[in-house]
Amino acid sequence: MKSSVLTIVRTVLFFVPLGYIFSRFGLQYFWLTFPVTELLTSVIGVGFYRNFLKREQTI
């Protein structure tokens with residue numbers, strides 16, 4: 001479930017809007033879409049992982 005959420009967030013919430021925004025500044029900036037999207041997705045993934053660890057420690 002969480003991997004599906006990450007995939008949807010990465011594509012719909014980050015990649016498409018950031019691609020549009022960066023493309024307005026030129027092709028060189030459009031290529032920033034990929035690393036920025038991966039960085040933001042990683043931050044959310046770390047949040048999911050930390051939440052998972054907290055739940056595992058209480059059990």
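**Close-up views of a predicted three-helix chain**

The accessible surface of the protein chain comes to about 4800 Å², and 70% of that surface belongs to carbon and sulfur atoms. The model shown in every view is predicted.

**Figure 1. The whole chain, with its helices and overall dimensions.** The secondary structure of the protein chain consists of 3 helices and 0 strands, and reading along the sequence gives the pattern α-α-α. The C-alpha trace spans about 50 × 15 × 10 Å along its principal axes, and the radius of gyration of the protein chain is 15 Å, whereas a compact globule of 59 residues would have one near 10 Å. Buried residues account for 14% of the 59 residues. Among the contacts in the chain with a separation of 6 or more, 47% are made by residues 24 or more positions apart.

**Figure 2. The salt bridge between Glu-38 and Arg-10.** The structure holds 1 salt bridge, formed by Glu-38 with Arg-10, and the closest N and O atoms of the two are 2.6 Å apart. Because Glu-38 lies in helix 3 (residues 33–58) and Arg-10 in helix 1 (residues 2–23), the pair ties together parts that are 28 residues apart in sequence. Side chains of opposite charge can pair when their charged atoms come close. Glu-38 has a relative accessible area of 35% and is therefore partly exposed, the limits for that class being 20% and 50%; Arg-10, at 33% relative accessibility, also counts as partly exposed.

**Figure 3. Thr-41 and its contacts.** Thr-41 has its place in helix 3 and is buried, with a relative accessible area of 11%. When residues up to four places away in sequence are not counted, Thr-41 touches Leu-6, Arg-10 and Phe-14. Arg-10 thus appears in this view as well as in the preceding one, where Arg-10 is the salt-bridge partner of Glu-38.

**Figure 4. Leu-18 and its contacts.** Leu-18 is found in helix 1 and, at 17% relative accessibility, counts as buried. With its neighbours within four places in sequence left aside, Leu-18 is in contact with Thr-33, Val-36, Thr-37 and Leu-40. By contrast, 27 Å separates the C-alpha atom of Leu-18 from that of Asn-51, a residue 33 positions away along the chain.

**Figure 5. Aromatic rings that pair with one another.** A search of the whole structure finds 6 aromatic pairs. Ring pairs link Phe-15, Phe-30, Trp-31 and Phe-34 into a cluster, and these four side chains are the subject of the view.

**Figure 6. Lys-2 over the ring of Phe-48.** The charged end of Lys-2 sits over the ring of Phe-48, at 5.1 Å from the centre of that ring.

**Figure 7. Ser-4 and Gly-19, with the distance between their C-alpha atoms.** Ser-4 is found in helix 1, and with a relative accessible area of 41% Ser-4 is partly exposed. The C-alpha atoms of Ser-4 and Gly-19, which lie 15 residues apart along the chain, are separated by 21 Å.

Note on methods
Residues are numbered from 1 along each chain as its sequence is written. This is a predicted model: local features need pLDDT of at least 70, side-chain atom pairs count only at pLDDT 80 or more; totals for chains, interfaces and linings use all residues. Side-chain values use heavy atoms; hydrogens and water are left out. Helices (H or I, at least four residues) and strands (E, at least two) are DSSP runs, numbered from the N terminus. The radius of gyration is taken over C-alpha atoms; the globule rule is 2.2 Å times the number of residues to the power 0.38. Buried means under 20% relative accessible area, exposed over 50%, partly exposed in between (1.4 Å probe, protein chains only). Contact means heavy atoms within 4.5 Å. Accessible areas come from the Shrake-Rupley method with a 1.4 Å probe; for residues, only the protein chains shown count as cover. A salt bridge is a side-chain nitrogen of Lys or Arg within 4 Å of a carboxyl oxygen of Asp or Glu. Rings of Phe, Tyr and Trp (its six-membered ring) pair if their centres lie within 6.5 Å; planes under 30 degrees apart count as stacked, over 60 as edge-to-face and the rest as tilted. A charge sits over a ring if NZ of Lys or CZ of Arg is within 6 Å of the ring centre and within 35 degrees of the ring normal.
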